[in-house]
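Dear colleague,

I am handing over the structure below, and my notes on it follow directly after.

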Amino acid sequence: MAGTSEILLVGVGGQGTLLASNLLTLALMEAGYDVKMAEIHGMSQRGGSVSSQVRYGDRVESPVIELGGADILVSFEQMEALRWLPYLKPTGRVVVNDYRIAPAPVLSGKVPYPDGILDELRGKADTTVVDAAGIAKRLGNARAMNLVLLGALVKGMDLVSCVDWERVIRENVKRDVELNLKAFREGMAQVGTR
Amino acid sequence: MSVRKLLTGNEAVAQGAWEAGVRFASAYPGTPSTEILETIAEYEGIVAEWAPNEKVAFEAAMGGAFAGARTLASMKHVGVNVAADPLLTMAYMGVNGGFVLVTADEPGQHSSQNEQDNRRYAAFAKVPMLEPSDSQESKDMMRVAYEVSEAFDTPVLFRMTTRVCHSKGIVECGERTEVPVRTYVKDVRKYITVPAFAQKMRVRVEERMKRLAEYSDASPLNAIEWNGRAVGVVASGVCFRYAKEVFGDAASYLKLGFTHPLPDARLKEFCAGVETVYVVEENDPIIEERIRILGFACRGKDLFPPYGEMTPDVLRKALGRGELPHLEASPERIVPRPPGLCAGCPHRGFFHEVGKRKNLVVAGDIGCYTLGFTEPYNAMDYNACMGASISSGHGFQQVLDMVPGEKRRVLSVIGDSTFFHTGVNSLLDVAYNRSRTVSVILDNRITGMTGHQQNPGTGYTLQGKPTKEVDLVALVRACGIEHVVTIDPNDLTAVRNALDWALSLDEPSVIITVWPCVLKKMTQADLSRFPDLFSGKCRVIEEKCIGCRMCLRTGCPSLIYDAAKNKVWIDPAQCVGCTVCKQVCKPEAIVKDFKETAAAPGALAGAKGGKG
Ligand SMILES: Cc1ncc(C[n+]2csc(CCOP(=O)(O)OP(=O)(O)O)c2C)c(N)n1
């Protein structure tokens, strides 16, 4: 549908992509958009590749993002950004966490973790690399990485003023609210608007 | 008062059931249906229960409907196979209070062993069917389903698919309508299915189908949206949403929500009103076949694949419109992330030992332990459906024993939840027919694969209340098995000894391995029963590690091989100290450091498991 915006959040099971996409979806609803979110919880959850797909606009039909559909791809892990790259519009934007999680074939020494991922991303799409893990750690809890990336996403999609984000986060994040708010703000500062 | 909420389709079904006055609900977990009952359990006014299998869940809900309340059963698509026996006869008997069976189908097989199209069950059982296309409809159609059930005296099939179950959308929620329990009046001509009565019921079913066909044509759930007349699209469920993305506002639509029986008059009107009809449906060409029977031409499975999801990219490609412009990534930079047993999974020690043995055929079953077939264990030959390991293993052994010179023995492997599901029947077969097979029950104290549901062996209900726990050893013995041993699967010597012992017998035997799933939320009972749980972590003494990589053959994801140093190290964030790697380390380079208060990783991670 014309006028539908599409956000793809990807990562590895356990990284907190779901909390980020839930906050995003709630905020978009409060901002008055129609919104749908799809996620596949397959066997993939055990350290597998995970994705949440969020589509919003005046009226949203399908919950899924197709190849070449996403306006922005936010990846919580380096290699996952490449895996999902085909789902991005060629003019779309990549926000990638400078963070690696080794899959089983790498852990067991069968293959190395691939090099040159960030360069490839930069060469193919408008890419912002965010050290979300470093920022979150500096703030006191590496798990707040997801809020850093949510902040970056909100800025990147120009959603900063559509809703009172601080209130949405306060109302829906149970633990470490102040830290998560800081993480969110720092995330926003990492990305410029287009 | 109405409230807007963001709900998944499954949550919306629960809300809809509550609003419709449902009083009793029963289910057996299975992706993508599981959260329906987990959500219903949170509502006041509905008694919600896990049943040991889908047939039992269906029958419990059926009994409740006979007694006069609105009731619900929910299950994944293959679960309906298990419940098919009562379904096909309840269709003759009808209801007293309304009855809805929710089937959650899996086009695309994200977490399932097959892709069967349960719309066929509506035709097979001759019952009405509804198909919502998003969360709002999932909620709204529940009320309609109960009205239809009571008005037409029939069970109703409610078909969800993975995308509807697991996608979130905005739902206008309402209040609960209290529907009083109808009085049960004994009526043998309605409820006793001896042939003399059932033959009359059979006739009534056909009459009912005629009235339902009229209803279907009049139902606002089957609605035409006229736009341009060149292209018309007929679709149900989430396919309607996909079609709208691809065909846009220029095409006309017949959106089907009440899909059995199909609305013939509406179909005719629509097909006559447009130049080309496209039918978009996942799996079988059911709507398409109906349109052809009605004498109209249409495009359907000649274009669109008969398997997988009909997502917009699939439709676009099938229509010859190619793909949307997109970027490609270098495949050599993308390493797969295959599913594997978690660090500390109690299935690991067992499969490590089984995989080393020759002359074994391993009959598998469905659960996390199915991963026993994977590298590095390679310790499973086949699996089919829940409960099939023990019974098919018996048949396998019977035939192997007919072959001269054949020495292989069959080991049947099943999880605790799967054993209670339908494995017990199979074990009765093994005992009764004096099988030589070795049956292994991998009791990890929970239904792991579907995300940690309680079952009759865990001692807790759906709501987490303490209840009677099955005495597994006594149950196995009561089936007629004399040789039973219980072991800790993390103790590799114990696993080896148990296998040697069982394989030395010429009579049926059962090995029960007991250790809790590492992701499970541990109860006080677990902590006192398994005092070693999380009592420390393993660590590699670097000087002693010779880089032989024997430990990597346990397949534990907390072991990391450092090629530069030719050493292995253990990620303390993942290790829970199960010591399987320590036991296989010849140079004794791995030690376990005991800590007083190591926390349970399951509790910390808040991890909700995989699916199945
Ligand atoms: C008939 C049927 N119902 C439900 C399922 C979904 N399902 C797959 S595995 C599983 C449970 C496995 O639990 P358990 O046997 O305890 O093994 P675990 O995963 O804990 O190792 C379920 C319910 C299914 N595949 N088939």
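**Helix α5 and the ligand site**

In helix α5 (residues 84-93) of chain B, the buried residues (under 20% relative accessible area, 1.4 Å probe, protein chains only) are B:Ala84, B:Pro86, B:Leu87, B:Met90, B:Ala91 and B:Met93, where helices are DSSP runs of H or I of at least four residues and strands are runs of E of at least two, numbered from the N terminus. This is a predicted model, in which local features need pLDDT of at least 70 and side-chain atom pairs pLDDT 80 or more, while totals for chains, interfaces and linings use all residues. Residues are numbered from 1 along each chain as its sequence is written, chains are lettered from A and ligands numbered from 1 in the order written, and side-chain values use heavy atoms, without hydrogens and water.

The cover over the buried residues of α5(B), counted by contact (heavy atoms within 4.5 Å), includes α3 (54-67), α4, β5 (99-105), α6 (119-125), α9 (188-191) and α10 (195-218) of chain B. After α5(B) comes B:Gly94, with a positive phi near 80 degrees.

Turning to the ligand, there are 27 residues around it (a heavy atom within 4 Å), and B:Glu54, B:His347, B:Asp416, B:Thr418 and B:Gly448 come nearest. Among the polar contacts (pairs of N or O atoms within 3.5 Å), an oxygen atom of the ligand lies 2.8 Å from a side-chain N or O atom of B:His347, and a polar side-chain atom of B:Asn444 is 2.9 Å from a ligand oxygen atom. In the shell around the ligand, α17(B) gives the most, with 4 residues.

Best regards

Conventions: Polar contact = N/O pair within 3.5 Å; in protein donor to acceptor, adjacent residues only side chain to side chain. Buried < 20%, exposed > 50% of the residue type's maximum accessible area, 1.4 Å probe, protein only.
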